[in-house]
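Subject: Structure for your review

Dear colleague,

Please find below the structure that I am handing over to you. I would be grateful if you would look through it alongside the notes that come after it.

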Amino acid sequence: MLQQKTAQFMAAVLGMFIIATAQVHAQDAAKAPKLANVTILATGGTIAGSGASSTTTVGYTAATVGVQQLIKAVPELSKVANVNGEQVFQIASESMTNDHWLTLAKRVNTLLAQNTVDGIVITHGTDTLEETAYFLNLVVKSRKPVVLVGAMRPSTALSADGPINLYNAVLLAADPSAAGKGVLVAMGDQIHGARDVSKTNTSTPDAFKTTELGMLGYIQGGKPFFYRVSTRKHTADAEFDVSNLTSLPQVDIVYGYANMNTVALDAFVAAGAKGIIHAGTGDGSVAAKVKPGLIAARKGGTIIVRASRVGQGILARNGEANDDELDFVVSDTLSPQKARILLMLALTKTNNTKELQRMFYNY
Ligand code: SIN
């Protein structure tokens, strides 16, 4: 009898303990911050690359590892976000095309329109990462974070930078402080803005820099720290819309150099270029031998944008050429490869050179 009573008492105590523990867990869960939902769109590149050995850091094959494997390699991701992966492409980024950009932008806009997606990370080859970032900066219709990330070393290398870069990118995309700042690039513990960042080294891990205008911040101790923002229009405030576009106007880049000739310019124009970015020497200077070709191209309807191959500085309007008289546009501080992107999108709206110049001063 006594034994039966003791057993009943013990069962009651145990029951109370289980109920109390469950209540504590429920309270903890209610108190714990809800993790953001981040979708990783994988496009290939060195971050998904593999080499013959752990010391192969050049001469490896880009774009071989799938998105699920990339996520699996960083189990820590599950602590900073609810992560979901999609393989959009599997290419080395030198092969990125306008069609890839349109597909990617449409997918990003579709995902960001959903309440269940709080941010997007795009894994990308580093060669054209800055171009895709700027394209998206102009056409994403959302203030939610979009973060591009790559790696300078393949996933199989000693001290590969992909896993930590991916971790940083996901925690950045999951952080409310990244919202409304335009498309971001997370590389090497640093946060860069899409408009001004560029790859500055062929192979070292610290290749990404926003040289003179400055990066936006750092990622340290699992937290983003912002110190500046770009003043140029982007994403939800931009006037470009790719939702109904299936192609972009042909815009090509003519590179300036000593002893330059018009062979490339003439070929691009003959091939139907709607716009030419002249990546001139210095402040966008045009060689005497090339100027008549540019003037003839403009008279034929092709838009001419003077940019510079130098990499830094403002391209002075009416400086090295009389742009008002020649009806040329200048690139402001955009690199030739980014000027090409803005001109393609701008040409989907207008051919008016005053309007085009306004866009170059606004984006
Ligand atoms: C690429 O851009 O796909 C190759 C180079 C890299 O990702 O670093």
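The notes below go through the domains, the cores, the ligand site, the strands and some individual residues.

Please keep in mind throughout that this is a predicted model.

**Domains and the core between them**

The domain assignment divides the protein into domain 1 (36-237) and domain 2 (251-362). Their centres, taken over C-alpha atoms, are separated by 30 Å. Across the boundary, 17 residues of domain 1 are in contact with 15 residues of domain 2.

The largest nonpolar core has 56 residues, and Phe135 and Phe240 are the members that touch the most others in it. The element that gives the most to this core is helix α10 (residues 336-347), with eight residues. Because domain 1 (36-237) and domain 2 (251-362) both give residues to this core, it lies between them. A second core, separate from this one, consists of 32 residues, including Leu70, Ala151, Leu166 and Ile191. As general background, nonpolar side chains in soluble globular proteins tend to be buried together.

What does Phe135 touch? Leaving aside residues up to four places away in sequence, Phe135 touches Trp101, Leu102, Ala105, Val242, Leu248, Ile341 and Leu345. Phe135 is also one of the buried residues of helix α5. In that helix (residues 129-139), eleven of the eleven residues are buried, so α5 is largely enclosed by the rest of the structure. The buried residues of α5 include Glu130, Glu131, Thr132 and Asn137 as well as Leu129, Ala133 and Val139.

**The ligand site**

The residues that surround the ligand are Gly45, Thr46, Tyr60, Ala92, Ser93, Glu94, Gly125, Thr126, Asp127 and Ala151. One of them, Ala151, is also included in the second core. Polar side-chain atoms of three residues can be placed against oxygen atoms of the ligand as follows:

- Thr46 has a polar side-chain atom 2.9 Å from an oxygen atom of the ligand.
- Ser93 has an N or O atom in its side chain that is 2.6 Å from an oxygen atom of the ligand.
- Thr126 has a polar side-chain atom 2.4 Å from an oxygen atom of the ligand.

**Strands and sheets**

Strand β5 (residues 184-187) and strand β6 (residues 190-193) run antiparallel and are joined by four bridges. Within this pair, Val185 stands opposite His192 in β6. The two strands form a hairpin with two residues between them, and in the turn Gly188 has a positive phi of about 55°. Strand β6 also pairs in the antiparallel sense with strand β9 (residues 217-220), over two bridges. There, Gln190 has Tyr218 in β9 as its bridge partner.

A further group of four strands forms an open sheet with parallel pairing, in the order β11-β12-β13-β14. Which strands stand at the edges of this sheet? They are β11 (251-255) and β14 (329-330); each has a single partner strand, so one side of each is left without a neighbour in the sheet. The partner of β11 is strand β12 (residues 275-280), to which five bridges join it in parallel. One of the bridge pairs there is formed by Val254 and His278 in β12.

**Individual residues**

Two residues other than glycine call for a remark on their backbone. Ala63 has a positive phi of about 60° although it is not a glycine. It lies in the loop between β1 (36-44) and α2 (67-72). Is Ala63 buried or exposed? With a relative accessible area of 13%, Ala63 is buried. Asn318, which is likewise not a glycine, has a positive phi near 60°. Its place is the loop between β13 (303-308) and α9 (323-326). With a relative accessible area of 34%, Asn318 is partly exposed.

The last residue is Thr353, which lies in helix α11 (residues 353-362). Thr353 counts as buried because its relative accessibility is 13%, under the limit of 20%. The side chain of Thr353 and that of Asp327 are joined by a polar contact of 2.6 Å. Not counting residues up to four places away in sequence, Thr353 touches Arg298, Ile303, Asp327 and Val329.

Yours sincerely

Terms used
Residues numbered from 1 in each chain as written. Predicted model: local features only at pLDDT ≥ 70, side-chain atom pairs only at ≥ 80, totals over all residues. Heavy atoms only, no water. Core = buried A, V, L, I, M, F, W, Y, C linked by side-chain atoms within 4.5 Å. Buried < 20%, exposed > 50% of the residue type's maximum accessible area, 1.4 Å probe, protein only. Domains from an automatic or database assignment. Contact = heavy atoms within 4.5 Å. Pairing = 2+ DSSP bridges. Near = heavy atom within 4 Å. Polar contact = N/O pair within 3.5 Å; in protein donor to acceptor, adjacent residues only side chain to side chain.
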